[in-house]
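Me: Could you take a close look at the aromatic side chains here and talk me through them? I'd like one connected story rather than a list.

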Amino acid sequence: MSYAAGIIAGLVVGCIIGYLKNLFIWGKYLQRSDDAYAQNEASALYGRMLASNIVNVAALAAVFFARGFVPFDGITFLIGTAVGLTIMSRRSAVSKKREEEL
C-alpha cells in the first residue's frame, strides 16, 4: 500500500508542478504571434527551455531530499513525480498542436 500511495502522491505533485511550469514559463511564449518576436525567438526559446529544465531538476531534487520525511515509499514518490512532470509536458505539446490544427 505504501508503494501505491507514493506513486499517487508523486503523480499529484508532478502534475501540479508541471502545470504551473507550463503556465508560467511556456504560456506566454506559446500564445504570441510568430511575426512579432522573430528576432529574439531563439534566445527566448533556449531561455525557457533552460528554465523549464531547472524547474524539473529542482522539483525532483526537492522530492529526493524529502523522501525520508514522507509517510510512504520515497522512491516511488520520486518516480511518480517524474512521470507527472512528463505527462504535463506532453499534454502541453499535444494541446498546442490541436490548437494549431483548428
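Reply: Let's start with Arg67: its charged end sits over the ring of Phe64, 4.0 Å from the ring centre (the rule asks for NZ of Lys or CZ of Arg within 6 Å of the centre and within 35 degrees of the ring normal). Bear in mind that this is a predicted model, where local features need pLDDT of at least 70 and side-chain atom pairs count only at pLDDT 80 or more, while totals for chains, interfaces and linings use all residues. Numbering runs from 1 along each chain as its sequence is written, and side-chain values use heavy atoms, with hydrogens and water left out.

Phe64 also has a ring partner, Phe65: their centres are 5.3 Å apart with 75° between the planes, making the pair edge-to-face. For the cut-offs, rings of Phe, Tyr and Trp (its six-membered ring) pair if their centres lie within 6.5 Å, and planes under 30 degrees apart are stacked, over 60 edge-to-face, the rest tilted. That rule gives two aromatic pairs in total.

As for exposure, Phe64 is partly exposed at 33% relative accessible area, while Phe65 is exposed at 60% (buried is under 20%, exposed over 50%, partly exposed in between, with a 1.4 Å probe and protein chains only).

The other pair is Phe72 with Phe77, again edge-to-face, because their centres are 5.3 Å apart and their planes sit at 70°. Here, both Phe72 and Phe77 are buried.
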